[in-house]
Amino acid sequence: MSFVHLVAVRGSLPKWKSSFARTTASPLQAQAAILDTSHEPVLKLRARRFHASTVHLKKQSSNVEKAQKHKGSKEFSHTLQLPATPFGIRANAAQRDKLFYDRTCSELYQWQRSRSDSLGEFVFHDGPPYANGNLHCGHALNKILKDITNRFQVLQGKRVHYMPGWDCHGLPIEAKALANVSVQDRHNLSAHEIRKRAHKEAVKAIETQKAEFSQFGIMADWSNKATYRTLDPGYEARQLRVFGEMVRKGLIYRQYRPVYWSPSNRTALAESELEYREDHLSKAVYVAFQLLPGTTLLEKLGVHANAAKDLSAIIWTTTPWSLPSNMAINVNPELEYSIVRRTGTEGPLYIVGTDRIEALEALPSSLIGAERGGDAQVFGPLEELTRVRGADLTDSTYRSPLTAPGSEPQPILMADYVTALSGTGLVHSAPAHGAEDYQVWKQQGYIQRKGIFSPVNDEGRYSADILQLDASSGEGSEDDASALGKRLMGKEVLSEGAQEVIRVLKERGVLISAQTLRHKYPYDWRSKQPVIVRATAQWFANLDRIKEQAIEALRDVTFVPANSRARLESFILGRSEWCISRQRVWGVPIPVLYDAVTDEALMTVENIEHIASVLETEGTDYWWKADAEVFVAPQHRDEKRSWRKGQDTVDVWFDSGTSWATLKDQLALESGASAHPRQGSIADVYLEGSDQHRGWFQSSLITAVATTPEGQKPVAPYKTVVTHGYVLDNESRKMSKSLGNVVSPLSIIQGGKGGKGADEPAYGVDVLRLWVARSDYTTDPPIGDVIISKTAETLRKLRNTARFMLANLPAAGNVAPLDRAKMKLLDRFVMQELYELERACAAAYEAYDFAQVVRRLTEFANATLSNLYLDIGKDSLYLDGVEDERRKMMVAVVDQILRTMTGIMAPITPFLCEEIFHFRNGASSDPVVGDKGAPSVFSAGWPTVEERWNDAEAAAACKQLLKLRDASLVMIEEARQASEIKTSFEVEIDLITKSTEKQLASSLETYGSELTELFNVARVNVLGADESAVDGALSTRDHNDGVIIRIRRSPRHRCPRCRTLRKEAEADRLCQRCQAVVDGLSA
C-alpha cells in the first residue's frame, strides 16, 4: 500500500485550532500528499498534514510541489517509518459486508452457544413481529437494539439464547389472504380454505422478513428449528395448556354481555386493541321520555301533582342509535332533580338535574321551532316548580317514545355513576350497549327477569331483532314500511341508522335538541374505524383476581426508561377482564365444546389437555375438519349426548403472550436433564415498542402470573423491560406513503432510487446500526437522508482513526508490553482516558444507553486521539527508530487503544470491527467469500482496561499542562496570522513560572523534558522568574495558572529530515535525534 493513500486522522476542532491544524507543517509534508475521496464525485489533491498547517487550500498544490523539489526531500525518506496497511480507506460496505457475515452472524451465534468457558446464560426473548409485509425502519430499530444487547453479552462471556419469532395469526393476515377474493366468494369459502390461504400468506411473509432481517447483521440462527412461529402445532398446544391452567384456576368464563365490537372487522375487541381519537363527531340528542310518577314523586309534587300526566324525563345520549335498545333510565339517588317548565307556559313539565338547568336553557330547541313554524330557538328560559332527590324516583316508571303508548313501563334505576357534569343527570340505559348500564341492570336483578335487547348484528347494522319493536307496539301491518323496525332494519347504526332514529324522534315530537359533538371515541386500532359496544356471547379472563399479583411481580423488574413502569402498571390496573374470544377462523380455537341440545359448555382441564394433544399431533386445522366427538376426552364421552365445536378463536395477544411457555420448554430442552432449572424470570430482557405496554408486555405478564402454581410467588417472565419509540422522518413526522417520506432500511444498506428518482448511496449495515445506536430510542427517533449522511461521516472518521492506528502497528506479536515506567505523562494520561472510556461504555451498555457509548467513543476518537495523541505521536511514530523505547511504548499504547476501541465498537458496528480484527491478526487481503471458521472479534472478549491505568494524578497533571498548551497554540496562531512565522516548528516557547505557583512549577520541572513533544513545537523552555529576559519575543502573555507564556522564533536551524528548527548548527547535516536514527540504520 503506497503511503500516499493513507488518510490523515481528522477530528472536530474549534475554529482557531482547525486553522492551526492546517498550518504547522509536518516533516513529511512532501511525502504526504493524499488523494482524498471522502467528498466524491469531486476529487481534490490535498497535502497530507500529520501536524498542523495554515496553508490556504488554493496554495496547497504549489506548496507540495515546492516541498518535493527541496534538496533533501527524498534523501531521508527511506529512513522514515512510513505507515502502511492493506486495510482499505473506504469500506465499500455494500460489496464487502458479505465477506464478514458468517463469522459475525450465523457462525458467531453457534460458536457462543457451544462455548464451554461461558460465564452464564443470557436469555433475550424476541417479541414476535407480525408476519405481514416487508420490513420498515421500526423493525430495524427493534432488531438492532436487541442485537447490540446480545453482542455485548457475548463479549462479557455469556452464552446468549436468542430465538427469533413471528406472530402469525389474526385479522390482517386473514384479510390479506382474502384480498383477491370477491365478497360473494368469501362467503362461499370454508373455514379450512380460508385458513389454508392465511397459512400460506403468513409463511411467505416470514420467509421474506427472515431474509430481510438477516441483512441487518443480526447474530442469530434463522433456521426453523431455532425460531418460533405462533402457527406451529407445538406452540399452539402449549398455548392451549396455558389456557387450561387458567381454567383450572377459575379465571375463564363465558358471558352474554356488552363488549367492544369492530363492525369493520366483525369481531370483538379487547380494550388493549383500541385507540382513541379526539376528533370523532357524534350526534348528541336530548329526548323527552314520558314519566309515570310513583307515589313518592306524586307526594313531592304537591300542588303540581295534577300536571304529572304531562311530565317527561329528559335524557341525553351521544349514541342515538342505541335508543331502540333502551330498557331503563338511570339516576343518582343523591343528586337533586328539578321539575321545570318553560317560563310563561302551563306545561309540559320536565324533570332534569338541578345543576343542568342553565345548560339546558341555552340549547337550540327542536320543539319550539317546530311549534312556531320558524327557526329553532333556545329551549329556555325555564322556571323551577319543585325539587326532588334521585331516590324519590325509585317507584316511578316511564315509557320510551320508540315503544307503543300502551307498552309495559320501564324502571328507573339508582346508579352511583350518574353525575350532573354533562347531559341532564338522567341517563338512557341500554344494557346491551354499555358496560355501566349492563352492570346496573345485572346487579339489580333484571337480566334474569327481562334479559337484554341487542338488535345489532356483526356488521354493525340493525338486525331482524329490531322488528320486535313493531310487534310489541302493534305498529302498522306486516307490510307497513313505515313501522319503526322496518325503517331501521339493515341500516348501519353509526350512520344512516342513527339519522333515522333522530328523524323518528322528531316526527314524534320528543326531540328536545340535537347537536354535533366533537369528542373522544374508541377506534379499532387495525382498521382505524370506529367501534361500537354490543352484547354478544364471549369468553373472558378474570383479571381482578390476579392484577395485584401482577403488579407485585413487576416490583422485581427493571424498566428502561424508568417511567415506562407506570405506563404498564396503569394498563394492568385499568382492566378487570380480558375478552379473549374472537370471531375469526385464522387463529387458535377456543378449546370448548357445547352440548348440542342444552348448549352447555364442556371446558375442563382434562378435556383441554385432550384437545391440545390431538391438535399437537394433527395440527390446528384438524379442529375445523374433524367431528366434535374426536375432541371429547374419554371420561366425558356419553352416547346419549352429542356435541358441537366452538367457532371462536383466541385473541392474538393471548397467542403471542404465551410465547414464554415455548421459550421455557426450549431452554429446558437445550440445557438437558442434568442442568439446574432457571430460577426466577424465564427471560433476562423483553425489548419492544411503547405500544406493547398494552400488548405483549401486558399479555405475557398476565398469562405467566395466572399460571403460577399454587403456593409459589408469581414472577414476571422478564427481568428487564426496554421500550423504544416510533421512527419518524427527519422533520419528526410519522412516516406515510402519502407523504412520500418512508425510508426503507434496505435502501440504506443496499442503495437504490430515492423519492425523486436520484440514486441513494449504499451505506452498508454498520451505518444503519450506528444510526440505531446513536439515536435516543426512548423517544421517537428521526431518520432521513441528512441524518444518515452524518451518521456515515461519523463512521468514516472512526474507520480512518482505526486505519491510522493499524498502519502504524507492527505484527501483533511484535508489540512491546505496556510499561508504566517507560511511559511519558501523555501516555499515562491517554491510558487513564482509555480506562474511563472502557468503564463508562461498559456501564452504558449495561444500562442500554447505546447513544452514550457512541458519544464517548466519538469524543475519545476526535478529542483525545485525532486532536492530541495521534497528532503528537506522528513525530515519534514516523521519525524515531523502530527499536527506540519512546516509539515502542507509543506503539504499545496505540495497540491497546485499538484493541479497546474495537471491542467497544463491536456490538454496534460488528462488520467494521471484524475487518479491523481480521487485518490486525496478520491478514494481507480480504477474506474469501464463503470462508468458514475464521475467528471473530467477539472471541477476544470485552476489552477490560486494567485498574492500574486509573491514574488520576497523571490525568490532573496532564490536563494542567494541556491548558498551557492550548493557550500557547492561540498565541502561535496569532503570530502566524501576523506573518511573523509560518509553522509551529519554527517556534520556541518559554514558560516562566512565578514563585507563588509551586504546584504548577513542580509539574513543569518534573515533566519539562516532555513538553517539546506535548506542545508540538521546536522546543519548550521552562524558566524561573529570574532568568526570563530574552530578545526577539513574538508575544508574551500571563496565563491564569500563574505562568507567563512567551513565544519566539527559534534560533536553531531547520533539519531536512524532521523539518523542524532543531539543528544546533547550520553546518550540521541533521538534528541530533535524526542523526542518531540515521546512524543506527547505517550501523
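This passage walks through the pockets, cavities, one helix and the cysteines of a predicted model.

The open spaces make a good starting point. The largest pocket encloses about 2,000 Å³ of space. Its lining is made up of 45 residues, and those closest to the pocket centre are Tyr130, His136, His139, Asp691 and Tyr726. Several elements each supply at least two residues of this lining, namely helix H6 (137-155), helix H9 (191-214), helix H23 (652-657) and strand S29 (683-689). Helix H6 provides the largest share, five residues. Sorted by class, the lining of the largest pocket has 17 nonpolar, 16 polar and 12 charged residues.

The second largest pocket comes next, with a volume of about 1,400 Å³. A set of 49 residues lines this pocket, and His433, Gly434, Ala435, Glu436 and Val533 are the closest to its centre. Many strands take part here: S7 (252-262), S10 (311-317), S19 (426-429), S20 (511-524), S21 (532-542) and S23 (577-579) each supply at least two residues of the lining, as does helix H14 (435-443). Strand S7 gives the most, with six residues. By class, the lining of the second largest pocket divides into 24 nonpolar, 17 polar and eight charged residues. On the level of domains, at least three lining residues come from domain 1 (119-251 + 545-577 + 656-727), and at least three from domain 2 (283-452 + 495-521).

Closed spaces are present too. The structure holds eight cavities of 30 Å³ or more, and the largest cavity contains about 130 Å³ of space. Of the 17 residues lining the largest cavity, Gly170, Leu171, Arg526, Arg582 and Arg584 are the closest to its centre. Helix H7 (171-177), strand S8 (267-269) and strand S28 (649-650) are the elements that give two or more residues to this lining. Its residues fall into six nonpolar, five polar and six charged.

One helix offers a helpful look at regular structure. Helix H24 spans residues 659-671, 13 residues in total, and reaches 18 Å from its first C-alpha to its last. That reach is close to the 18 Å expected at 1.5 Å a residue. Buried positions in H24 are Ser659, Trp660, Ala661, Thr662, Leu663, Gln666 and Leu667. In an α-helix there are 3.6 residues a turn, so residues three or four places apart point the same way. Among the buried residues of H24 are Leu663 and Leu667. After the helix comes Gly672, which has a positive phi, near 85 degrees.

The cysteines close the tour. A disulfide is a covalent bond between the sulfur atoms of two cysteines. How many disulfides does the model contain? The count comes to zero, with a pair of sulfur atoms counted as a disulfide when they lie within 2.5 Å. Why does Cys1055 form no such bond? The cysteine sulfur closest to that of Cys1055 belongs to Cys1058 and is 3.7 Å away, which is too far for a bond. Cys1055 is also buried, at 0% relative accessibility. Cys1074 can be read in a similar manner: the closest cysteine sulfur, in Cys1071, is 3.5 Å from its own, again too far for a bond. Cys1074 has a relative accessible area of 0%, so this residue counts as buried.

Definitions and conventions. Residues numbered from 1 in each chain as written. Predicted model: local features only at pLDDT ≥ 70, side-chain atom pairs only at ≥ 80, totals over all residues. Heavy atoms only, no water. 1 Å grid on protein atoms, 1.4 Å probe; cavity = no way out; pocket = protein on both sides within 12 Å on 5 of 7 lines; lining within 4 Å. Points joined across faces, edges and corners; volume = space filled by probe spheres on them. Helix = DSSP H or I, 4+ residues; strand = E, 2+ residues; numbered from the N terminus. Nonpolar A, V, L, I, M, F, W, Y, C, P; charged D, E, K, R; others polar. Expected span 1.5 Å × (residues − 1). Buried < 20%, exposed > 50% of the residue type's maximum accessible area, 1.4 Å probe, protein only. Domains from an automatic or database assignment.
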